[in-house]
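Q: I should like to learn how the features of a protein model are read. Could we go through them one at a time?

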Amino acid sequence: MNRLFAYFRMRREEQIGFSILTVLIVLILFSTFLYDLVPKRKILSPEVRTLAEDLVSSPDVQYENSQVRKRGETNRSKPAISYFYFDPNGLSVDDWERLGLTERQIRVIHNYEAKGGHFRKPEDIAKLYSLTDEDVARLLPYVRIAEREFKRTNFERPMPMKAFTAPYESLRINLNTADSAELTQLRGIGPAFSRRIVRFRELLGGFYSTEQLSEVYGLPEETFLHIKQHLQVDEASIVKLKINHLDVNALSKHPYISYKQARTIVNYREHHGAFSSMDDLKKILSLDEAFFRKIEIYLDFK
């Protein structure tokens, strides 16, 4: 370095400045190398960001996320949940814990029983405020209440005759016409899930198959399999999409049409004219057969 200074006949001040500049250049080059090693966040496309924001901001997803956080906070030290058929009347603390309930939830149940409370039918467990809708949904299929005589307290009134309806085994619910109150007749479907089902039905325009109910966000598979035999649909009440008139935003609100697919459909329509049938829509090569099978029944080409 001294030879370099001597060659260029640098003064003392110039030598100090040159040294500082050299150090800065080395630091900049080194920091660039470190930056390349740091993992980069993937940037979502505008369409994906829009869909993600809509999904996260929806009340159903916010509710579900809050429940997931609560379960994550309270269940970290819990043993694995094991399921078995049980009678909630007089069930021991150990058995409730095996079913995944917390100490507080079990205490509320035992207080209810200590005050003379009884579970006369499986749906009665939904009356306990300490149980979440998810708890009720996962436990209800396993409730088996033995035949017994319960002593009526002074606070209980005889059930009116109109309340004695057909057995649960013969219950049939039309998914396209039932309101949220009717849906709660299904074992494992509480108020939260019934509202979610109605909301999903509104976005779809109606169900054409009972299998579509399994697509409702957060619905446990065992609950769906348990209630499937009690479901039916009426395709005549399905509301269809006027594909030749709706814009991108309106089309993308349907659960089966992404924003990108909606934009592709509208762009093709603008360049080639209105669709007269599914055959015209199938000319869009970027849309696959799986998409056509799911969406065909919801399209109106008039």
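Q: Are Arg-138 and Asp-135 buried or exposed?

A: The model is a predicted one. A residue counts as buried when its relative accessible area is under 20%. Both Arg-138 and Asp-135 are buried.

Q: How do the side chains of Arg-138 and Asp-135 meet?

A: Side chains of opposite charge can pair when their charged atoms come close. Arg-138 and Asp-135 meet in a salt bridge, with 3.1 Å from N to O.

Q: Where do Arg-138 and Asp-135 lie?

A: An α-helix has 3.6 residues a turn, so residues three or four places apart point the same way. Both Arg-138 and Asp-135 belong to helix H7, where three residues, about one turn of the helix, separate them.

Q: Which residues does Leu-139 touch, beyond those up to four places away in sequence?

A: Leu-139 is also found in helix H7, which covers residues 133-139. Leu-139 counts as buried because its relative accessibility is 1%. Leaving out residues up to four places away in sequence, Leu-139 touches Tyr-83, Phe-86, Leu-99, Leu-101 and Ile-125. The C-alpha atom of Leu-139 is separated by 9.7 Å from that of Arg-187, although their positions lie 48 residues apart along the chain.

Q: With which residue does Glu-123 form a salt bridge?

A: The partner of Glu-123 is Arg-187, and the closest N and O atoms are 3.0 Å apart. This pair links distant parts of the chain, 64 residues apart: Glu-123 is in the loop between helix H6 (103-114) and H7, and Arg-187 is in the loop between helix H8 (180-183) and H9. Glu-123 counts as partly exposed because its relative accessibility is 22%.

Q: How many salt bridges are there in the count, and which residue pairs with Lys-121?

A: The count comes to seven salt bridges. In one of them, Lys-121 pairs with Asp-124, the closest N and O atoms being 3.1 Å apart. The two partners differ in cover: Lys-121 is partly exposed at 39% relative accessibility, whereas Asp-124 is buried at 5%.

Q: How is the span of helix H9 to be read?

A: One compares the distance from the first C-alpha to the last with the span expected at 1.5 Å a residue. Helix H9 (residues 191-204) has 14 residues and reaches 20 Å, close to the expected 20 Å. The buried residues of H9 are Ala-192, Phe-193, Ser-194, Arg-196, Ile-197, Val-198, Phe-200, Arg-201 and Leu-204. After H9 comes Gly-205, whose phi is positive, near 100°.

Q: What does the side chain of Asn-244 reach?

A: A side chain may place a polar atom close to the backbone of another residue, and Asn-244 offers two cases. One polar atom of its side chain lies 2.7 Å from the backbone nitrogen of Phe-275, and the backbone oxygen of Phe-301 lies 3.1 Å from a polar atom of the Asn-244 side chain. Asn-244 is placed in the loop between strand E3 (241-242) and helix H11 (248-252). Asn-244 counts as buried because its relative accessibility is 14%. Beyond its neighbours within four places in sequence, Asn-244 is in contact with Arg-269, Ala-274, Phe-275, Phe-301 and Lys-302.

Q: Which backbone atom does the side chain of Asp-87 reach?

A: The side chain of Asp-87 reaches the backbone nitrogen of Asn-89 at 3.0 Å. Asp-87 is in the loop between helix H4 (59-74) and helix H5 (93-98), and is buried, with a relative accessible area of 17%.

Q: What is the C-alpha separation of Val-233 and Leu-175?

A: Residues far apart along the chain may be brought together in space, and here 58 residues along the chain correspond to a C-alpha separation of 5.5 Å. Val-233 is in the loop between strand E2 (231-232) and E3. Val-233 is partly exposed, with a relative accessible area of 28%. Not counting residues up to four places away in sequence, Val-233 touches residues including Asn-174, Leu-175, Phe-207 and Tyr-208.

Q: Which residues form a nonpolar patch on the surface?

A: Ile-16, Ile-20, Val-23, Leu-24 and Leu-27 form such a patch, and together they have about 460 Å² of accessible area. Leu-27 is in helix H2 (residues 12-37).

Q: How many helices and strands are in the protein?

A: The protein has 14 helices and four strands. Of its 302 residues, 34% are buried.

Technical notes: Residues are numbered from 1 along each chain as its sequence is written. This is a predicted model: local features need pLDDT of at least 70, side-chain atom pairs count only at pLDDT 80 or more; totals for chains, interfaces and linings use all residues. Side-chain values use heavy atoms; hydrogens and water are left out. Patches are made of residues with over 30% relative accessible area and no salt bridge: like charges are joined within 9 Å, nonpolar side chains (Val, Leu, Ile, Met, Phe, Trp, Tyr) within 5 Å. Accessible areas come from the Shrake-Rupley method with a 1.4 Å probe; for residues, only the protein chains shown count as cover. A salt bridge is a side-chain nitrogen of Lys or Arg within 4 Å of a carboxyl oxygen of Asp or Glu. Helices (H or I, at least four residues) and strands (E, at least two) are DSSP runs, numbered from the N terminus. Buried means under 20% relative accessible area, exposed over 50%, partly exposed in between (1.4 Å probe, protein chains only). A polar contact is a pair of N or O atoms within 3.5 Å; within protein, one must be able to donate a hydrogen and the other to accept it, and residues adjacent in sequence count only if both atoms are side-chain atoms. Contact means heavy atoms within 4.5 Å. The expected span of a helix is 1.5 Å times one less than its number of residues.
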